[in-house]
Amino acid sequence: MLFEKVNKEHIIQGIKDFGEKGIPKGFGASSTYDLVYNGIHYPPKTIMAYANFHAEGRTIEPYFKGGLNTDCFNVFEKLQFNVIKKQLTDPIFQIQVSKTTDGNFLTAQLQIVKGGYQLLKGSYIYKEPKPSFLIHSYYKMRVKYENEDYFEDSDYSKYVILKKNITFDKSSPAAVIVLNRAANGKREWKLKDGTTLEEFENKQVKPLKQINYWVFQGNPKIYNTTAALKSGHLKSWKVAAHKDKIAIGDKVIIWQTGKDAGCYALAEVTSEVGVFEEEKFEEQYYIDKSNSLATVRVKIKIEHSFADTPILWKDIKNRAIFSNFKAGNQGTNFSATKEEYQELTNMINSKNLSINTKLNYLIQDYKSALINDNWLYVELYKFEWANWLTERVVFEEQTDEEILELCLASQNENYTDSKGVQFIKQGAREKLSKYIGIEDIKIFRDFYNRIELENIDYSNRNMSFPILSCWMSVLVPNSIFPASRTSFADIIRKVFVIKLRSSNIDFVINMQKPMETICNVLLENKEVVDFVSKQLNKSELSQLDLNWLTQDFLLFIDRHPNLLKPITETVEEEEEQYIMLEKMPTNQILYGPPGTGKTFYLKDQLFDRYTLKENAITKEKFFEDKITNLTWWQVIAIALIENGTSKVNEILENRWVKTKASLSESKNVRATIWGTLQMHTITSSENVAYKQRQNPLIFDKNNDKMWQLLEEETKEQIPEIYDIIDEVNNFKSNNETVIKNYDFVTFHQSFAYEDFIEGIKPVFPETEEETKDLGYKIEDGVFKKLCIKAKNDPSNRYAIFIDEINRGNVSAIFGELITLIETDKRSGAKNEMSIKLPYSKKEFSVPSNLDIYGTMNTADRSVEALDTALRRRFEFKEMMPDYTVIENEEVDYIKLSEVLKKINERIELLIDRDHAIGHSYFCKVNSEEKLAKAFNTKIVPLLQEYFYGDYGKIGLVLGKGFVEKEKNDAINFADFSYENSNDFKAPSYLLKQVNEDNVIEAVLSLLGKKQAE
């Protein structure tokens, strides 16, 4: 094996050689991989050649291969150096290439990107002959080939990459874009004629690629997306669907399922879809490591990460823009819309704006303390200490012992108003005399060598984690901020409104992102930056200085906690407003012609929002839902099974009875229990004289005035009661367990207030015996029952779906609730109202977590328009025919979307758009037989109703293939004199039944493509 003697020091020396000598003869810039060290990119093969020269004295020449699983790359991995694949991202502009007259080039799309030139997926350019011309709508372009300019990289097999330059020929002057790549990894772009790249892009070339939007969904039981995002390790995603559509530049919503389902980041696709393994640091977040296998994946770049404060589904699901959002379904990749992505972006920007506003508010106080109160003078010592030490420590040249000596020496130096740094010494874990040791230097070196914070061994450290971060920030200033106090976490929590752990290395890691934000906001304040620069006698602050400026700002706020009070009040106000917004109920009616999918929309898009599934259902919630559907006698029977023979007071204390009481509107639960026990007592009881008894008869009272359940009668008459107890006691959440927090009703002419709110219903005897006494009881309607459930479960949303809402007498059905359903009149709202119901005489209000949806058929002439007062309390969503739903439905090459569109154009002209025909009439119609049936049984009968039997107008819509005209000239009237009698001999119109043999001909006639017989 090559390079067995190469160690870390040899590679670091190789990097220094490269910086001084550049690329040696025989080597070139890396085409596929980069060695990343201290944030700078280097060519791996060149660095290894220099390193092996120092290790073995071997001549620097290309005697080995680079790439995955080679000796070169295996050594880098063994020594924990970071080698990454180049990502050709950030398109500068794109050019459409057309086929030329000489046929040398196939159609291609050329995309110029930072890092090289690449042909997009599916493109290819012949190598010979060279050169040749390409045609573009703006330019004639000549590809200038040189030696090795053309190659195909196996890792980007769908690309052909041109490495050096491209000449664009035009009259004058010629523009040549040249890529100069410096040793530090920076890239410079130049145009030969002096035109800037921005000018060239804006004036000459239009972007070609259309951006698609996607949801990439992960399951926290499989992969810890949150942790991967917080560590900056989420670099790729599995692709199971849309493999041929996901492309570079597409935008991605990173979504996590589970109890905290929501958007955790926004990203951009940076590679084509391909089969590859994840990076090692990505694999650590799999719950089951066996899942980390090579799969079809795509590279992504995280653009906005907000794993600490995700945008949760429960907070956005009621926004109209997310009504068709596809996340939450089974799968990994779903299409999204630009509007959905933009809305999430706006929410993040709004949140960031709020954070920046709070920080700027605090920075004003900090600035005042700096300039007016001489705050910085007593804190200058830490800036001076940091600069003193960082100027002297060079990991590549010094041993751990030498670095330790410098660290100790730094504490004996005299700085402004301080000798050494006392708070650094006070961070010792065990004894102040050993606040730093050789064990800590090993930790610093590991961090310097790019080992992630969470992967370093801290077991032998001599200092606390906050102080450890201070040393690291001085020795590796570009990689970490000094989170010197755990009390800083309180500031971050209040300003950023996030959860933050304040222990172990997690505290340091989680502080980095907020401190970076603070640093950026501080940088925007010129007065602060100029003042600190002047105090440090510097023209420009280094990253080291900015690290400690950020620490100093947090220290100032930490010592003046009163400054956070206005911020906290602002946060509380925002949270209160947010909660109110989240509680805002929805009153919505979907309206439109028949067949446009109004009821289907309820089922397909809304039902699941109000359904609890799997682990979302707690045992308590399941218990409550069971009791809601039980009668009082069932609950009392279960209580006696659990308690045994009991007095009423003991029954009252049973868990089933107490829960039933909390869900009931009974004002006197004790009286309800007494009445129920007597009503269901056996007829042979010696201690109960109640006459109006009802089945089942299962209770009895003994001589000690205690109630008992008769076990034999119970098992015989209601054996299912034992199954209910077993279900509750042995509850296990599973995929089949669902709780529907909604009800679905259909209004009709007989539907009344008593069915919807409450009414008096007779109680009929359950035996064949005659009775003189007919009982009555007040029974809750479907809407009132749902209101009670929603009121007792404020953390979940409920809904009632009313189909054909305008077919009932809406004013009579809603009654006094016409006022209570208004969003600002709901319970808990600003103008909360309640009323006394007419039958039960109980106060009633509509909870804010109950939504009301209705559907309304605009073509139904059997009903009148909705009551104006009701209209004012609902928002209306129009649902017209959606031709895209049936765009793929064809019969004998006839597109049914075209047929439907033609029909509706004619209906709108003859009647109005409210009488259009919906797309559902043609859904799943894929044969002549089904097409004929759709016309005969659905469309034609509907048109008969629309036109009141005027078949002539039906003929104007459907044509001769469906309606025939019959002349009546041959009909003779009886011998009778009647003025203008011949006027009655107008032609009549007859409907023609179509079948699978003639329906195509009829439809072609409808479309005007063929003359029907």
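Here a student and a tutor talk through a predicted model, asking what lies behind its labels.

Student: What does the secondary structure come to?
Tutor: The protein has 35 helices and 40 strands.

Student: Why is α20 called roughly perpendicular to α23?
Tutor: Take the angle. The axes of α20 (residues 619-628) and α23 (residues 655-663) cross at roughly 75 degrees. Angles of 65 to 115 count as roughly perpendicular. Therefore α20 is roughly perpendicular to α23. The two axes come within 10 Å.

Student: Which residues of α20 meet α23?
Tutor: F623, E624, I627 and T628 do. Their partners in α23 are R655, W656, T659, K660 and L663.

Student: What makes a residue in this contact of α20 with α23 count as charged?
Tutor: Asp, Glu, Lys and Arg count as charged. The contact of α20 with α23 has three charged residues, along with four nonpolar and two polar.

Student: Which way do α1 and α2 cross, left-handed or right-handed?
Tutor: The crossing of α1 and α2 is right-handed. The axes of α1 (residues 8-21) and α2 (residues 44-56) come within 8 Å and cross at roughly 115 degrees.

Student: What fills the contact of α1 with α2?
Tutor: Eight nonpolar residues, five polar and two charged. Among them, I11, I15 and F18 lie in α1, while I47, M48 and Y50 lie in α2.

Student: What makes a residue of the protein count as buried?
Tutor: A relative accessible area under 20%. Of the 1013 residues, 48% count as buried.

Student: How much area does the protein expose?
Tutor: About 51500 Å², with carbon and sulfur atoms supplying 47% of it.

Notes:
Residues numbered from 1 in each chain as written. Predicted model: local features only at pLDDT ≥ 70, side-chain atom pairs only at ≥ 80, totals over all residues. Heavy atoms only, no water. Axes fitted to C-alpha atoms, helices over the stretch in contact; angles between N-to-C directions. Helix = DSSP H or I, 4+ residues; strand = E, 2+ residues; numbered from the N terminus. Parallel < 35°, antiparallel > 145°, perpendicular 65-115°, else oblique. Contact = heavy atoms within 4.5 Å. Buried < 20%, exposed > 50% of the residue type's maximum accessible area, 1.4 Å probe, protein only. Areas by Shrake-Rupley, 256 points an atom, 1.4 Å probe, with all protein chains shown as cover. Left-handed = near helix turned anticlockwise from the far one by under 90°.
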